[in-house]
Amino acid sequence: MSVRVVARIRPLLKSELDKDSIISASSHVNEDSNRPTIIKIPNPKNASEEFSFQFNSVYEQCASQQDVFDNE
C-alpha cells in the first residue's frame, strides 16, 4: 500500500484578496497527467523567489471535496 499526498488550494479569505501573494499550481514539463502536481508560493521576504511543494495531485480553489474524492 502506498501513500498519496493530495493538496487542495483553499479559496482566499476576504482579508487575503487584496494581498499580492498568489498561490499557483503547475505540472512538471514531462508529466503524463494534465493535473497539476506542484504548488508555488511567493517568498514574502523576497518577491523574486518562490517556494515549490510537490504533491501527487493538486486541486485548484474551485475544486470541491467531492471532486477530490472522486478523482483520487
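What follows is a short tutorial dialogue on how to read this predicted model.

Me: Before I look at any detail, how confident is the predictor in the protein chain, as given by pLDDT?
Reply: A good habit to start with! Where pLDDT is low, the predicted coordinates should not be read in detail. Here the protein chain has an average pLDDT of 81, and 85% of the residues score at least 70.

Me: In which element is confidence lowest, and in which is it highest?
Reply: E2 has the lowest confidence, with a mean of 73, while E1 has the highest, at 90.

Me: Now the fold. How many helices and strands does the protein chain have, and in what pattern?
Reply: Start by walking along the sequence and noting each element. The protein chain has 5 strands and 1 helix. Their pattern along the sequence is β-β-β-β-β-α, with helix H1 covering 65-71.

Me: Which strands form a sheet, and in what order?
Reply: For a sheet, look at who pairs with whom. An open sheet is built from 3 strands in the order E2-E3-E4, with antiparallel pairing. Strand E2 (24-26) and strand E4 (46-54) are the edge strands, each pairing on one side only. On average, neighbouring strands of this sheet are turned by 30 degrees against each other, direction ignored.

Me: How many bridges join E2 to E3?
Reply: Between E2 and strand E3 (residues 38-43) there are 3 bridges, and the two strands run antiparallel. You can trace the register residue by residue: Ser24 has Lys40 in E3 as its bridge partner, and Ala25 stands opposite Ile39 in E3.

Me: And what joins E3 to E4?
Reply: Here you will find 6 bridges, again with the strands running antiparallel. E3 and E4 make a hairpin, with 2 residues between them. To follow the pairing on screen, take Ile41, whose bridge partner in E4 is Phe51, and then Lys40, which stands opposite Ser52 in E4.

Me: Let's turn to side chains. How many salt bridges are there?
Reply: For these, look for a side-chain nitrogen of Lys or Arg within 4 Å of a carboxyl oxygen of Asp or Glu. By this rule there are 2 salt bridges.

Me: Which residue meets Glu72 in a salt bridge?
Reply: Its partner is Arg4, at 2.7 Å from N to O. This pair links distant parts of the chain: Arg4 lies in the segment before strand E1 (6-8) and Glu72 in the segment after helix H1, 68 residues apart.

Me: Are Glu72 and Arg4 buried or exposed?
Reply: Neither label fits, because partly exposed covers the range between under 20% (buried) and over 50% (exposed). Glu72 has a relative accessible area of 38%, so Glu72 is partly exposed. Arg4, at 47% relative accessibility, is partly exposed too.

Me: Where does the pair of Glu50 and Lys40 sit?
Reply: Glu50 is in strand E4 and Lys40 in strand E3, 10 residues apart. Their side chains meet in a salt bridge at 3.9 Å, N to O. Glu50 counts as partly exposed, with a relative accessible area of 47%, and Lys40 is partly exposed at 26%. Lys40 is worth a second look on screen, as the bridge partner of Ser24 and the residue opposite Ser52.

Me: Where is Val3 found, and is Val3 buried or exposed?
Reply: Val3 is in the segment before E1. Its relative accessibility is 72%, so Val3 counts as exposed. Look also at Asn56: its C-alpha atom is separated by 9.4 Å from that of Val3, although the two residues are 53 residues apart along the chain.

Me: Finally, the whole chain: what share counts as buried, and what does its surface come to?
Reply: Whole-chain totals put the single residues in context. The protein chain has 72 residues, of which 17% count as buried. Its accessible surface is about 5,900 Å², with 52% belonging to carbon and sulfur atoms. As for contacts with a separation of 6 or more, residues 24 or more positions apart account for 37% of them.

Notes
Residues are numbered from 1 along each chain as its sequence is written. This is a predicted model: local features need pLDDT of at least 70, side-chain atom pairs count only at pLDDT 80 or more; totals for chains, interfaces and linings use all residues. Side-chain values use heavy atoms; hydrogens and water are left out. Helices (H or I, at least four residues) and strands (E, at least two) are DSSP runs, numbered from the N terminus. Buried means under 20% relative accessible area, exposed over 50%, partly exposed in between (1.4 Å probe, protein chains only). Contact means heavy atoms within 4.5 Å. Accessible areas come from the Shrake-Rupley method with a 1.4 Å probe; for residues, only the protein chains shown count as cover. Two strands pair if DSSP finds at least two bridges between them. Axes are lines fitted to C-alpha atoms, for helices over the stretch in contact, and angles run from 0 to 180 degrees between N-to-C directions. pLDDT is the predictor's confidence in each residue, from 0 to 100.
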